[in-house]
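Student: Before we begin, may I see the structure? I should then like to ask how its descriptive terms are justified.

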Amino acid sequence: MNIKIINIDTTDSTNRYLHEYQGEEGSIMTIATANYQTAGRGQGTNHWESEPYKNLLFSVKTHPQGVPVARQYVMLEAGALAIADTLTAYINDVSIKWPNDIYWKDSKISGTLSECAISGPHIRQCILGTGININQQHFVSDAPNPVSLRQITGHEVCCEEVLQRFIKAFSGYLQRIKAGQLDGIDQLYAQRLYRKQGLHAYRDADGCFMARIVRVEQNGHLVLEDEQGKQRTYAFKEVSFVINNKDKQRF
């Protein structure tokens, strides 16, 4: 079996489910989907709001071959690119907001939690837990800028269809990784970045500043250049995007 799909009605976390799963796995990937998650997570302490039976909630486990530990960020890039490609079949103006969110214009439509395990110098296993807002029309949490496909398109979208599109896209990126085309994935990721051009507002521990994106390094660190020409390098959670002149959570 190349791809194993496990459908769950309700679970606390599809990532947790796949961590503990002991059954047959797909040779390419194993996917656990849920109609509802009671404890869906984002990066760090972030939580993912999802109305039951309205959105696509899933985790995908892979065992990439030959990916050095120092290049594990490429797995997150591949997942983000696959989601961006999938959503582009339905809407325009899709981008990847560093490190792992998918944006439509200035609103968040998807987020992913990446968890990789290592074995010696290489990645042994990677689990990507993803939520994509599909048919939810009202968001009640304090998330600053959520949006769904239904809100954008004005009609319902089949969650299973979206999942199948993702599987096809992600399989293609896994083939590129297997072929050693890691730099090519880095380049595609850079091309899809939110705010990839021009000066924009950011906030770090010292306050707000204007900067442009220079690059994302192979280890996933974001390099910005401020108005004075000084380059600043950030790991996850060390800088936040200021959107619509409002401070947002750090991602």
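**Terms and their grounds**

Tutor: Let us start with strand E2 (residues 29–37), which is mostly covered, with seven of its nine residues buried. Buried means under 20% relative accessible area, exposed over 50%, and partly exposed in between, with a 1.4 Å probe and protein chains only. This is a predicted model, in which local features need pLDDT of at least 70 and side-chain atom pairs count only at pLDDT 80 or more, while totals for chains, interfaces and linings use all residues. Residues are numbered from 1 along each chain as its sequence is written, and side-chain values use heavy atoms, with hydrogens and water left out.

Student: What makes E1 and E2 a pair?

Tutor: Two strands pair if DSSP finds at least two bridges between them. E1 and E2 have eight bridges, in the parallel sense, so the criterion of at least two is met. In one of these positions, isoleucine 3 has methionine 29 in E2 as its bridge partner. The chain passes from E1 through helix H1 (residues 14–20) to E2, a right-handed β-α-β crossover; that is, with the strands pointing away from the viewer, the path from the first strand over the helix to the second runs clockwise. Helices (H or I, at least four residues) and strands (E, at least two) are DSSP runs, numbered from the N terminus.

Student: How are E2 and E3 paired?

Tutor: E2 and E3 pair in the antiparallel sense over five bridges. Threonine 30 stands opposite lysine 61 in E3.

Student: Why are strands E1 and E4 said to stand at the edges?

Tutor: The open sheet has seven strands in the order E1-E2-E3-E7-E6-E5-E4, with mixed pairing. Strand E1 (3–11) and strand E4 (94–97) each have a single partner strand, so one side of each is left without a neighbour in the sheet. For E4, the pairing with strand E5 (residues 101–104) is antiparallel, over four bridges.

Student: Why are H2 and H4 called oblique to each other?

Tutor: H2 and helix H4 (residues 159–178) pack at an angle of about 140°, with their axes 8 Å apart. Axes are lines fitted to C-alpha atoms, for helices over the stretch in contact, and angles run from 0 to 180 degrees between N-to-C directions. Angles under 35 degrees count as roughly parallel, over 145 as roughly antiparallel, 65 to 115 as roughly perpendicular and the rest as oblique. H2 and H4 are therefore oblique.
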